[in-house]
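Here is a short structural report for the bench. Keep the sequence and the model open while you read.

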Amino acid sequence: MKYPNIREEELKNKIAQDYFWLYDCTKIMGNLDFCVSMLQTDEAQEQESLLWAEAKKGVSDVYLSLVQLILTIGKARTFDKFLPPAMLGAFDSEKMAFIPYTEIYEVFYQNDFNWNVAPSNYDTKEFKLIFEKVKSVIDSKSLIYYYLKDERELKIFIKNNFVVGKYGLTKTTIDKNNFMIIYNKWLQSVKPTIAVNWEIAKKNGIIDGDFYLADLLSQENNTLKEKLFVLLKNDHYELDRVLDSSGFFSNKSTGFTDSQIAHTQFWNKYNRPPKEDYWDYIVERRDLLVPQDVRERKGSFFTPQIWVELSQKYLTDVLGENWQDEYYIWDCACGTGNLLTGLTNKYNIYASTLDIQDINVIHDRIKNGANLLNDHVFQFDFLNDDFTKLPQSLQEIINNPEKRKKLVVYINPPYAEGDNVKGIGRRDVHVSKTHDKYQKELSKAGSEIFAQFFVRIYLEFNGVLLAEFSKLKILQAPNFAGFRKLFEAKLEKIFVVPADTFDNVKGKFPIGFFIWNTAKKEVFQKTITDVYDSKGKFINTKSIVSYDGSKYISDWIEVNSNDISKSYIGHLASVANDFQNQRMIFIDNERKENWKKGGRHTRISSENLVCISIYFTVRHCIDATWLNDRDQFLFPNDSWEKDKEFQNDCLAYTLFTNNIQSKYGINHWIPFTEYEVNSRLRFESNFMSKFIKGKIKPDEEINLFAVSESTVHYEVPLKFSPEATAVFDAGRELWIYYHKQPNCNVNAALYDIREHFQGRNENGKMNNKSKDETYMVLINNLREKLSILSEKIEPKIYEFEFLKR
């Protein structure tokens with residue numbers, strides 16, 4: 001509700017201000033609640049009304065409000081005293097309804113009707129008579145807008161229709177840019193009133209998007225495009241039309257649960273159908289209307305045209321300029337077929353998918369000029385169907401070893417995985433005949449649908465070229481180690497692009513286009529990939545390596561921090577070994593009972609502080625990006641052990657980037673003494689400043705670094721690089737300024753200082769900035785010095801092989 005808990009008069013003022021500021025809303029006409037007129041420029045002319053409306057505070061029934069308005073107008077015969085408006089309306093705190101005056105006016109001229117009743121009394125015979133007379137008109141002709149979800153459309157409607165002398169309504173035009181926005185509104189308003197059990201329907205391949213297309217591409221409630229899976233026929237939908245044995249069409253049909261009222265009121269606001277120029281585009285983009293879980297399972301993801309064209313260029317580079325005439329092409333997860341756009345030799349192209357609706361869309365596109373053959377486009381469940389169901393010509397290619405070498409399986413396959421299903425483990429979902437047959441070979445990769453596609457291709461018609469879009473986990477993910485041992489194909493060429501350039505793909509990670517030659521046996525070790533930005537511009541190359549046989553940084557931290565004394569100063573939370581989990585790596589001092597479940601939890605003390613600092617810094621000082629998202633952090637070589645400057649740099653970085661908070665207990669992480677920051681009281685702990693000065697040494701009985709005493713020793717005090725010293729200097733200035741604040745917390749950690757100056761928003765999240773200009777200068781200076789220190793540390797991370805180049 002946009003206007004909660006306000007009186008009716010205040011509501012009218014806000015509606016006038018928010019929606020009708022270009023008009024005159026001050027005029028009082030009898031007992032009408034609200035009037036909108038054009039601003040008057042000529043006093044001699046009568047001011048023309050645009051809207052007469054009933055107002056109600058809170059949430060009301062617009063039908064009752066409109067009937068009350070009609071009785072108010074009829075009782076006073078307002079239309080005899082003032083020129084009637086173009087619109088009648090009703091509004092409350094959440095919505096506004098309109099109905100053209102011309103649709104209602106006849107009710108004012110009926111004979112033998114008693115208008116002399118209280119319009120606000122809903123129980124009178126007269127009120128009920130008027131309600132019955134106008135209900136069907138309101139059902140079919142009213143336009144209802146909700147302030148919160150229809151704000152923009154409401155303002156456009158007012159702008160386009162509140163014009164003196166205008167006849168007829170100007171409705172929202174639908175085009176290829178807004179049909180998805182309107183679909184999302186349709187889901188809320190119309191879908192719930194269609195007499196369909198959507199869970200059962202989805203299991204049978206029927207989606208709400210097909211009903212929306214039937215609505216959208218219709219005129220006077222009759223679908224104009226006959227090839228759609230669902231058709232709107234006046235007051236009901238028809239679907240699944242087939243020819244029976246007598247040659248007549250038979251079909252299933254369903255109607256509405258509310259006599260089509262919500263459907264009518266929704267489409268009253270829009271001009272349909274869109275221009276015919278947009279029809280093919282909208283139908284081709286049916287993939288956008290497929291629910292997320294179905295898209296992931298079936299592969300109904302639209303490959304952006306920019307990457308379609310680039311992938312075909314790479315295929316030309318690998319296979320030669322005449323490859324389309326020399327090779328056969330099969331997209332066995334084709335969706336609506338957009339990956340095949342731009343290919344020229346339709347006699348060499350095959351397309352299949354398990355979704356019959358998508359096949360119907362492609363056949364319709366062929367009818368409208370798509371460069372494909374009807375007989376080469378067919379329904380086929382690649383993970384479950386036997387190859388004997390394929391067209392005979394394609395079977396001949398697959399069964400002939402020489403022809404098979406000339407087959408390019410060109411796909412953007414489904415990528416659903418077990419982890420995408422809440423509460424269900426990888427091994428329990430997305431089971432297919434292919435999964436069951438090759439479960440041992442697939443190993444942990446078996447829950448990923450695209451891996452099931454690849455293993456069937458590799459094992460059942462080996463020798464083909466596989467040109468595919470997928471995540472980089474096929475090259476790098478630990479769970480794909482078993483798959484890589486099986487899938488010994490030569491990677492001929494690859495490029496990577498940002499994943500979020502694909503429709504409805506969330507997250508910042510790379511998606512690659514791979515060209516594999518399954519006839520050449522080669523275990524993947526390393527490749528150099530081309531990298532493109534979201535606009536298709538080449539920006540660099542990147543090395544991608546296999547981590548099979550490697551030990552990870554998680555192994556290293558486990559070796560170096562397990563045995564500590566009972567007393568500890570903080571807690572390290574960590575998970576996985578890649579950049580995508582960077583935000584899950586943090587240091588705090590919460591009690592053990594408050595530690596979040598999952599991941600690894602390591603207590604921090606003087607014995608492992610340096611090692612923890614190295615781990616934390618290595619995981620954080622290089623920003624996570626879409627490109628490095630899947631890169632893995634590894635068990636380092638031994639060189640770091642003698643590099644004291646590197647160790648101390650990491651300690652300095654950690655001291656100024658942790659999440660320690662004094663509210664969780666004693667803050668052992670203040671890197672300064674009371675004298676350095678002019679504290680008005682003693683700190684509860686001087687652990688960190690003493691550690692830095694060498695006054696606290698690791699327990700000599702615990703070998704922190706798992707190496708001999710001769711290779712690791714401690715400086716007393718610790719010596720810091722110029723870059724680390726600059727961080728301490730910037731931090732000290734910030735602490736000094738904080739300790740000048742009235743009633744400051746003398747034991748404050750850096751997190752506490754930030755919270756003090758930046759505050760939190762209404763949702764409890766810390767604000768990004770502070771109104772205190774001095775603080776902003778100091779915190780930005782600290783961040784700048786930390787950035788310089790990070791740049792110094794980064795080359796060491798590669799030198800010590802925490803990361804591979």
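The report goes from the whole chain to its sheets, and then to a few chosen elements.

**Overall picture**

This is a predicted model. The protein has 805 residues, and 54% of them are buried. Its secondary structure comes to 29 helices and 24 strands. The C-alpha trace spans about 110 × 85 × 45 Å along the principal axes. About 37,600 Å² of the protein is exposed, and carbon and sulfur atoms supply 47% of that area.

Contacts reach far along the sequence. Among contacts with a separation of 6 or more, 67% link residues 24 or more positions apart. The protein carries 105 positive and 112 negative charges. The mean positions of these two sets are 2 Å apart.

**The nine-stranded sheet**

An open sheet is built from 9 strands, in the order 15-14-13-16-17-19-18-20-21, with mixed pairing. Strand 15 (377-379) and strand 21 (538-545) are the edge strands, each pairing on one side only. On average, neighbouring strands in this sheet are turned by 20 degrees against each other, direction ignored.

Helix 12 (residues 305-319) packs on this sheet. Helix 12 touches strand 16 (407-411), strand 17 (465-471), strand 18 (490-498), strand 19 (510-517) and strand 20 (526-532). The direction of helix 12 makes about 160 degrees with that of strand 18. Helix 14 (residues 356-367) lies across strand 14 and strand 15. Helix 14 runs at about 165 degrees to strand 15.

The table lists strand pairs, with one set of partner residues for each.

| Strand pair | Sense | Bridges | Partner residues |
|---|---|---|---|
| Strand 14 and strand 15 | parallel | 3 bridges | A351 and V377 |
| Strand 13 and strand 16 | parallel | 3 bridges | I329 and V408 |
| Strand 16 and strand 17 | parallel | 4 bridges | V409 and L466 |
| Strand 20 and strand 21 | antiparallel | 7 bridges | T527 and I544 |
| Strand 22 and strand 24 | antiparallel | 5 bridges | G570 and I604 |

Strand 16 deserves a closer look. Why is strand 16 largely enclosed by the rest of the structure? The reason is that 5 of its 5 residues are buried. L407, V409 and I411 point one way from strand 16, whereas V408 and Y410 point the other way. The residues on both sides are buried. Strand 16 also has a partner in strand 13 (residues 328-331) and another in strand 17. Helix 12 touches strand 16 as well.

At the strand 21 edge there is a hairpin. Strand 20 and strand 21 form it, with 5 residues between the strands. In this hairpin G536 takes a positive phi near 90 degrees.

**The three-stranded sheet**

A second open sheet has 3 strands in the order 23-22-24, and its pairing is antiparallel. Its edge strands are strand 23 (586-588) and strand 24 (600-604), and each pairs on one side only. Neighbouring strands here are turned by 25 degrees against each other on average, direction ignored. Helix 23 (residues 609-620) lies across strand 22, strand 23 and strand 24. Helix 23 runs at about 35 degrees to strand 22.

Now take one residue of that helix. F616 is found in helix 23. Is F616 buried or exposed? F616 counts as buried because its relative accessibility is 2%, and the cut-off for buried is under 20%. Which residues does F616 touch, leaving out those up to four places away in sequence? They are L572, I585, F586, I587, Y653, T654 and T657. H376 lies elsewhere: the C-alpha atoms of F616 and H376 are separated by 55 Å. Along the chain, these two residues are 240 residues apart.

**Helix 28**

The last stop is helix 28 (residues 750-758). Which of its residues are buried? They are L750, Y751, D752, I753, F757 and Q758. The cover over these buried residues includes helix 27 (722-739) and helix 29 (773-799). Just after helix 28, G759 takes a positive phi of about 70 degrees.

Methods: Residues are numbered from 1 along each chain as its sequence is written. This is a predicted model: local features need pLDDT of at least 70, side-chain atom pairs count only at pLDDT 80 or more; totals for chains, interfaces and linings use all residues. Side-chain values use heavy atoms; hydrogens and water are left out. Two strands pair if DSSP finds at least two bridges between them. Helices (H or I, at least four residues) and strands (E, at least two) are DSSP runs, numbered from the N terminus. Axes are lines fitted to C-alpha atoms, for helices over the stretch in contact, and angles run from 0 to 180 degrees between N-to-C directions. Contact means heavy atoms within 4.5 Å. Buried means under 20% relative accessible area, exposed over 50%, partly exposed in between (1.4 Å probe, protein chains only). Accessible areas come from the Shrake-Rupley method with a 1.4 Å probe; for residues, only the protein chains shown count as cover. Lys and Arg count as positive and Asp and Glu as negative; His and the chain ends are not counted. The place of a charge is taken as NZ of Lys, CZ of Arg, CG of Asp or CD of Glu.
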